[in-house]
Number of protein chains: 2
Amino acid sequence: MNEFELIHRLTRSLPTNPSVVVGAGDDCAVLDAGIPDRLLLFKTDAVVEGVHFTPETAPEKIGYKALGRCLSDIAAMAGTPTAALVTIGLPGIFKLDFVEAIYAGLNELARRHQVAVVGGETTTNPGGIFISIALLGWVPRGKGVLRSGAEVGDAIFVTGELGGSLAGRHLDFEPRLAEARWLAQHFSLHAMLDVSDGLAGDLRHILTASRVGAELLASAIPISREARRAAKAGSAAKPPLVAALSDGEDFELLFTVASRDAVPVLDAWKKQFPGLALTCIGKIKAGEGITLRDKQGVRPLTAHGYVHFS
Amino acid sequence: MNEFELIHRLTRSLPTNPSVVVGAGDDCAVLDAGIPDRLLLFKTDAVVEGVHFTPETAPEKIGYKALGRCLSDIAAMAGTPTAALVTIGLPGIFKLDFVEAIYAGLNELARRHQVAVVGGETTTNPGGIFISIALLGWVPRGKGVLRSGAEVGDAIFVTGELGGSLAGRHLDFEPRLAEARWLAQHFSLHAMLDVSDGLAGDLRHILTASRVGAELLASAIPISREARRAAKAGSAAKPPLVAALSDGEDFELLFTVASRDAVPVLDAWKKQFPGLALTCIGKIKAGEGITLRDKQGVRPLTAHGYVHFS
């Protein structure tokens, strides 16, 4: 049983109440607090020693990553974060300087985005460091972007470059908060999320939620320098395109807009964010699943983002 | 360095913003979301295998305790909980039935209090089960009760009975949500919290936040049946009064009101909640620290809730 099957089992019949607009299954929960112009966003995310960072990771970067992942989920809804709580489980023996440095990295990122850190908890976790962040945010009513709104014919876009984030980017990525808000303000985004599980896996989340399929253009997928470099050096376990499709922890925005908006989005983006790539990588199709188009033709992508090369 | 010194170090200069009414240091954070009649409550709390429960604990009770602790913190502010996120770290090998049973216990308690469970996360935690709950709630503007409002002359009250909760009550306590809301609606509560660290330790939190001292009446402190039974059976490490002062995880309400309200509170409480004890256990004094009055006179309580018996 993989993580997604487990989550499916656990979220089949969760308690609800009238305040819930979106419950489990999107980047954030969305709650109606009775405020005329806004909805509340609510998110938790954890990083664990040995899974999301190693004993050698600089503590500032652990704190940065812990909060950054949650901020990226608020970005995926086109929201604005406001307040965070930090729960940190520590082994029986730990260095105070190390824990303070985790907080320093986290606090610096929080300040940059005007997020208040309003408390939390320290507790014991015998197996290693475990950090869970809870984050609140807001989104203008009617401007939140879910995973479920992709429509046949939509153009699929991704920000930045993908793959090879383990070389370092997974610890110092920029949550695309300003970019997501600008996009939602100026265009009708049909579906959006942040790429955490890998492009192919995350696109599949949009497709499943929207009950559609997609065709990606292999030559259009923006491959990161790290993924190319690893392939050249012979140190990569997979070709650069496969890395871009499946590595994960890119924390870039993946979204769809109506095809008539594709060129206007690109033109306006280049003026607004000249330093960050935005790439149209394919289109939403009827049916289900992902196909990849390249010089040899069109073939299906397998379940976990890997491509079978002939 | 103990937990409280660590928290003090980590919370000295946290990022803030104008929405923060109460940050780190009270039972919940309090945020002003711009809603005229209400403030937002925000809380996280974690339970860890080997610390808050054992490998033998029934999974339903683990889930119950994880959410119950957070609900008790919302109660301590006289608030109403609304939505929770569940982060659960699992060892590499786990039984699905066990995890589903954790959720079943949690969900049952959530339904009883109309709390929506709006998602969360499952992740790996090599050392054992780690559950962090994030909880949102509301409190009417002006009705939230902090730790910092105790005044000299106040009567100190506690609900229920204290001590010996490890015999079982720490896994199936009732968060005092209805009781706290009723109290805040009908009386001017000066300070309140829920007893999680033990009566003496938690009262000290009120005293420190309010810059006052307290005198407790030894004979008035309500000692639980479990603490008395353990003492009789010779299985207790401490006398029943010390257990009531220091065991912790009672999750009862500890609050202060002006002395003129003491008798009205007691009278009204007996009619409203005839099945639950409410006891006046002492009074707020000028100065600092806690003294204990018994037949032999008055003597100070030591720092961690233990009494030196002569």
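**Notebook: the contact between chains A and B**

I began with the contact in this predicted model, and I found that it takes 59 residues from chain B and 59 residues from chain A. I then listed the elements that give two or more residues to the side of chain B that touches chain A, and these are α1 (3–10), β2 (29–31), β3 (38–48), β4 (80–90), α3 (96–112), β5 (116–124) and β6 (130–140) of chain B. Of these, β5(B) gives the most to that side, with nine residues. I also sorted the residues on the side of chain B that touches chain A by character, and they divide into 30 nonpolar, 23 polar and six charged.

Next I asked which surface each copy uses: 100% of the interface residues of chain B are also interface residues in chain A, so the copies meet through the same surface.

I turned to the superposition, where chain B can be laid on chain A with an RMSD of 0.0 Å by a turn of 180 degrees and a shift of 0.0 Å along the axis. The two copies are therefore related as by a two-fold rotation axis. In chain B, I noted that the C-alpha nearest this axis belongs to G127(B), at 1.9 Å from it.

Last, I looked at the largest nonpolar core, which has 204 residues, and recorded that F42(A), A84(A), M192(A), F42(B), A84(B) and M192(B) touch the most other members. I followed up A84(B) and, leaving aside residues up to four places away in sequence, found that A84(B) touches L67(B), A110(B), V115(B), V117(B), I133(B), A134(B) and L135(B).

Conventions: Residues numbered from 1 in each chain as written. Chains lettered and ligands numbered in written order. Predicted model: local features only at pLDDT ≥ 70, side-chain atom pairs only at ≥ 80, totals over all residues. Core = buried A, V, L, I, M, F, W, Y, C linked by C-beta atoms within 7 Å. Buried ≥ 20, exposed ≤ 12 C-beta atoms within 10 Å, placed from the backbone. Contact = placed C-beta atoms within 7 Å. Least-squares fit on C-alpha atoms with pLDDT ≥ 70 in both. Helix = DSSP H or I, 4+ residues; strand = E, 2+ residues; numbered from the N terminus. Nonpolar A, V, L, I, M, F, W, Y, C, P; charged D, E, K, R; others polar.
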